[in-house]
Amino acid sequence: MEFIYYILAGASVGFAVGVTGVGGGSLMTPLLLLFGFPAHIAIGTDLLYAAITKSGGVFLHKRQKTVRWGVVCNLAMGSIPASLITILALKYYFNSPEDYASLLTSSLGIMLVATSIVLLFKKQIQSMHSSDTKGLLSGLSHRAPLWTFLMGICLGVLVTLSSVGAGAFGAAVLMILYPRMPSIQIVGTDLAHAVPLTLVAGLGHMALGNVNYPLLLALLIGSLPAIYFGTKLATRLPERILHPVLASTLFALGVKYAFF
């Protein structure tokens, strides 16, 4: 029966991802924690889940030529080594997963709060992205490769510790650093970076023994078709209601895990 419950959980998260476009990590990891899974198992399993579920989207964006591969490489040069170093730190600095559980949950809380803020101010960020040609964003864009590399390092550490941030937060970073990049390329580029990052981080957690394989299988069985149906239904549901409700929920969960 537990396997059925996990399939239903995967379907619920997949449907929510399809409807809202919010990354599964923001929803899946807190749900797994509510199910009683330890933080290291929830995060490690979710990272591999994210890598698998996002890979199809990268293939489609590649065919549509909506990926800026140079930007992906700049991000990955920071994020992939940072992720590997983070995994090594977890392995050699701590004696057991229980010793770094509080670090994982605090990182999760911080990234959930950050994601909720991005969702709440999504339109303002998009407006800045589309209209700022001589202001703050243009100033940052002059040193975009350096800032991209540095933000890649931050994402590498935080995504590895929390499984959250490679989606909505990563897209917000790209909007700020690349104000002239079309929105469809923002999505494609962010997705193309998220897959190798979550895969490397997930494989690292796998090496640490932090992946529950039956759980991963159940989540994939439930979520893959649900993402499709959620995407089809998304155009009929009011975004102005869904995003604030979801953002408020993520903010509350983030505060809970970060401070309590």
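Here is a quick briefing on the fold, the helices and a handful of residues in this chain. The model is a predicted one. It's an all-helix affair, with twelve helices and zero strands. Half-and-half is the story on burial: of the 260 residues, 50% count as buried.

**Overall picture**

- Reading along the sequence, you just get α after α: α-α-α-α-α-α-α-α-α-α-α-α.
- Take the contacts between residues at least 6 apart in sequence, and 84% of them turn out to join residues at least 24 apart.
- The chain exposes about 12,600 Å², and carbon and sulfur atoms supply 70% of that area.

**Helix 3 and what comes after it**

- Helix 3 covers residues 39-63, which makes 25 residues.
- From first C-alpha to last, helix 3 reaches 37 Å, close to the 36 Å expected at 1.5 Å a residue.
- There is a bend in helix 3 all the same, about 30° at Ser55.
- Which residue with a positive phi follows helix 3? That's Lys65, with phi near 60°.
- Lys65 sits in the loop between helix 3 and helix 4, the latter running over 69-93.
- With a relative accessible area of 73%, Lys65 is over the 50% mark and therefore exposed.

**A second positive phi**

- Most residues other than glycine have a negative phi.
- Ser163 goes the other way, with a positive phi of about 70° although it is not a glycine.
- You'll find Ser163 in the loop between helix 8 (144-162) and helix 9.
- Is Ser163 buried or exposed? Ser163 is buried, at a relative accessible area of 6%, whereas Lys65, the other loop residue picked out here, is exposed at 73%.

**Helices 5 and 9**

- Helix 5 (residues 101-120) has 20 residues, so at 1.5 Å a residue it should span 28 Å.
- The end C-alpha atoms of helix 5 are 29 Å apart, which agrees with that expected span.
- Buried residues of helix 5 include Leu104, Leu108, Met111, Leu112, Val118 and Leu119.
- Some small or polar side chains of helix 5 are on the buried list too, among them Ser107, Gly109, Ala114, Thr115 and Ser116.
- Why call helix 9 (residues 168-177) largely enclosed by the rest of the structure? Because seven of its ten residues are buried.
- Those buried residues of helix 9 are Gly170, Ala171, Ala172, Val173, Leu174, Met175 and Leu177.

**Helix 10: two alanines, two settings**

- Ala192 lies in helix 10, which takes in residues 183-207.
- At 6% relative accessibility, Ala192 counts as buried.
- Setting aside residues up to four places away in sequence, Ala192 touches Val58, Val67, Trp69 and Val72.
- Val58 is 134 residues from Ala192 along the chain, yet their C-alpha atoms are separated by 5.4 Å.
- Ala207 lies in helix 10 as well, but at 68% relative accessibility it counts as exposed.
- Between the C-alpha atoms of Ala207 and Gly44 there are 9.8 Å in space, and 163 residues in sequence.

**Helix 11 and the start of the chain**

- Ala226 belongs to helix 11 (residues 213-234).
- Ala226 is buried, with a relative accessible area of 10%.
- Beyond its neighbours within four places in sequence, which residues is Ala226 in contact with? The partners are Ala11, Gly14 and Phe15.
- Val17 is 209 residues from Ala226 in sequence, and the C-alpha atoms of the two are 8.7 Å apart.

**The nonpolar surface patch**

- Met1, Phe3, Ile4, Tyr5, Leu8, Leu217 and Ile221 make a nonpolar surface patch of about 720 Å².
- Helix 1 (2-20) and helix 11 are the elements that give two or more residues to this patch.
- Helix 1 has the largest share, with four residues.
- Met1 comes from the segment before helix 1, and it is exposed, with a relative accessible area of 68%.

Technical notes
Residues are numbered from 1 along each chain as its sequence is written. This is a predicted model: local features need pLDDT of at least 70, side-chain atom pairs count only at pLDDT 80 or more; totals for chains, interfaces and linings use all residues. Side-chain values use heavy atoms; hydrogens and water are left out. Buried means under 20% relative accessible area, exposed over 50%, partly exposed in between (1.4 Å probe, protein chains only). Contact means heavy atoms within 4.5 Å. The expected span of a helix is 1.5 Å times one less than its number of residues. The bend at a residue is the angle between axes fitted to the seven residues ending there and the seven starting there. Patches are made of residues with over 30% relative accessible area and no salt bridge: like charges are joined within 9 Å, nonpolar side chains (Val, Leu, Ile, Met, Phe, Trp, Tyr) within 5 Å. Accessible areas come from the Shrake-Rupley method with a 1.4 Å probe; for residues, only the protein chains shown count as cover. A salt bridge is a side-chain nitrogen of Lys or Arg within 4 Å of a carboxyl oxygen of Asp or Glu.
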